[in-house]
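Reader: I'd like a close look at one part of this model, the loops and backbone oddities in particular, and how that part sits in the rest of the fold. Could you walk me through it in one go?

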Amino acid sequence: MQESWIAERMRHIDSSGIRKVFELARSLKDPVNLSIGQPHFDVPEPIKQAAHAAIDRGDNAYTVTQGIAELREKIQASVDARYGHKDRQVFITSGTSGGLVLALCCTVNPGDEVVVFDPFFVMYPHLVTLAGGKTVYVDTYPDFTIDLDKVKAVLTPKTKAILVNSPANPTGAVIPRDQLRELALLAHERNIVLMSDEVYRVFCYDEPFSSPAEFNEETLVFDGFSKAYGMTGWRLGFAHGPKRLIDEMVKLQQFSFVCAPSIVQHAGVAAWDYDTSRIVSDYRRKRDLLYDGLKDRFDIVKPKGAFYMFPRAPWGTATEFVAEAIRNNLLIIPGRTFSRTDTHFRISYAAEDKTIERGIEILNRLAKR
Ligand SMILES: Cc1ncc(COP(=O)(O)O)c(C=O)c1O
């Protein structure tokens, strides 16, 4: 095989950061693993039963591209009740990631710029590259909220979209409602597509969830079932936004993902009715357990959502600190994986309490060096 077989765009896609952590992980025996970006609980029983029933009934074929009516209508009713927008249409995607791929491919022209907040979810810059665009970063250190002046400073005639994620991966930050409002109004005023990744929507611990769609009717929202119901491997998500844009995304889905997995869409109907409040309060308690265990020795912005914490490394670069943690049997992820800056590291508290407690003990010991 010739190297020239590989497309130029793949040279700009580098997965080495996270891969290195997982390679190191494989060499450890019984590691304290606080690196995982998914819930630690299994899919709840009623949702599993709905998937089994769908298989047994024979619901195993392609579905319509936009998703089965039963699921779509349920989500549409809840989106309509929340926003009351005339032109807001729901469709079912293959995970939140599927929605992101479609949206960027349907909006970004070669050379267009997409604003992404740093730290960011690892996929964003790569998907912008895939769509032929250029990622423009806006720094959110040290408190991981949005400074509107910094956003205004990077806007150019080529700015096509702004991609916001709250609650956020990797920081656990929840963007304050007034900042989301300012951002939403700015996007509207400058005719920029505002995209909101809300996959951690249910994991808000200190205040109710807010979406920029409350302030800008044209916001395109991505959401999914992976995190709230432990369904990461089942690949179910949904998007909602202006009908004209959703129609284009459905058109592209028809010739790419085809449809979200049929069985999983049927299970999604049961998931939508499943009460996640017990899961969320358990994660709130885990957040407090980890924060209280680390706050005296680490510089941490207390996260208000998702299931991550993003403390500053107490010495060295984050990569150096994480390498030492891994040598001490603790798996965490260096901030450089999610950022242009290598000062912080991500801890996931989607884990058993005893794993979190062992992690706290190791981290406090390492901080003293
Ligand atoms: C911010 C963010 N968006 C999207 C995703 C992908 O979600 P899904 O499994 O629904 O594709 C993740 C998963 O880690 C995430 O952290």
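Author: Here is a walk from the overall layout down to the loops you asked about.

Keep in mind that this is a predicted model. The big picture comes first. The protein holds twelve helices and twelve strands, and its domain assignment splits it into domain 1 (3-43 + 276-367) and domain 2 (45-272). Going by C-alpha atoms, the centres of the two domains sit 24 Å apart. As for overall size, a compact globule of 369 residues would have a radius of gyration near 21 Å, and the protein agrees with that, at 21 Å. Along the principal axes, the C-alpha atoms fill a box of roughly 55 × 55 × 55 Å. Of the 369 residues, 44% are buried. Among contacts with a separation of 6 or more, 74% link residues that are 24 or more positions apart.

Now for the loops. Start with the one between S5 and helix H7 (177-189), where Pro167 lies. The peptide bond leading from Ser166 into Pro167 is cis, and its omega is near -10 degrees. Pro170 is found in that loop between S5 and H7 too, and a cis peptide bond joins Asn169 to Pro170, this time with omega at about 15 degrees. For context, most peptide bonds are trans, and most residues other than glycine have a negative phi.

That second habit is broken at a couple of places. Arg235 is not a glycine, yet its phi is positive, about 60 degrees. You'll find Arg235 in the loop between strand S7 (220-224) and strand S8 (237-241). How exposed is Arg235, given its C-beta neighbours inside 10 Å? There are 19 of them, so Arg235 counts as partly exposed; the buried class takes 20 or more. Val258 is another residue other than glycine with a positive phi, near 75 degrees. The loop between helix H8 (243-254) and helix H9 (262-272) is where Val258 sits. Val258 is exposed, because its C-beta has 12 others within 10 Å, and a residue with 12 or fewer falls in that class.

A loop residue can also be buried, and Ile192 is a case in point. Ile192 lies in the loop between H7 and strand S6 (193-197), and it has 21 other C-beta atoms within 10 Å, so it counts as buried. Leaving out residues up to four places away in sequence, Ile192 touches Thr159, Lys160, Ala161, Ile162 and Ala187. If you want a long-range distance to check, try Ile192 to Ile362: they are 170 residues apart along the chain, and their C-alpha atoms are separated by 45 Å.

Next, a helix, H5 (residues 123-130). Which of its residues are buried? Tyr124, Pro125, Leu127 and Val128 are. They cover an arc of only 165 degrees around the axis, so they lie on the same side of H5. As a general point, an α-helix has 3.6 residues a turn, so residues three or four places apart point the same way. What do the buried residues of H5 pack against? Their partners are helix H4 (95-107), strand S3 (113-118), strand S4 (134-139) and strand S5 (159-165). After H5 comes Gly132, with a positive phi near 90 degrees.

Then there is an open sheet of three strands. The order is S9-S12-S11, and the pairing is antiparallel. S9 and strand S11 (333-334) are the edge strands, each pairing on one side only. Between S9 and strand S12 (residues 345-348), the antiparallel pairing runs over two bridges. One bridge partner to look for is Ser348 in S12, which goes with Tyr308.

Last, the place where the two domains meet. On the domain 1 side, 31 residues are in contact with 35 residues of domain 2. Helix H10 (277-294) and strand S9 (308-309) each supply at least two residues of the side of domain 1 that touches domain 2. H10 gives the most to that side, with four residues. Sorted by class, the side of domain 1 that touches domain 2 has 15 nonpolar, nine polar and seven charged residues.

Technical notes: Residues numbered from 1 in each chain as written. Predicted model: local features only at pLDDT ≥ 70, side-chain atom pairs only at ≥ 80, totals over all residues. Domains from an automatic or database assignment. Contact = placed C-beta atoms within 7 Å. Nonpolar A, V, L, I, M, F, W, Y, C, P; charged D, E, K, R; others polar. Rg over C-alpha atoms; globule rule 2.2 N^0.38 Å. Pairing = 2+ DSSP bridges. Arc of directions from axis to C-beta.
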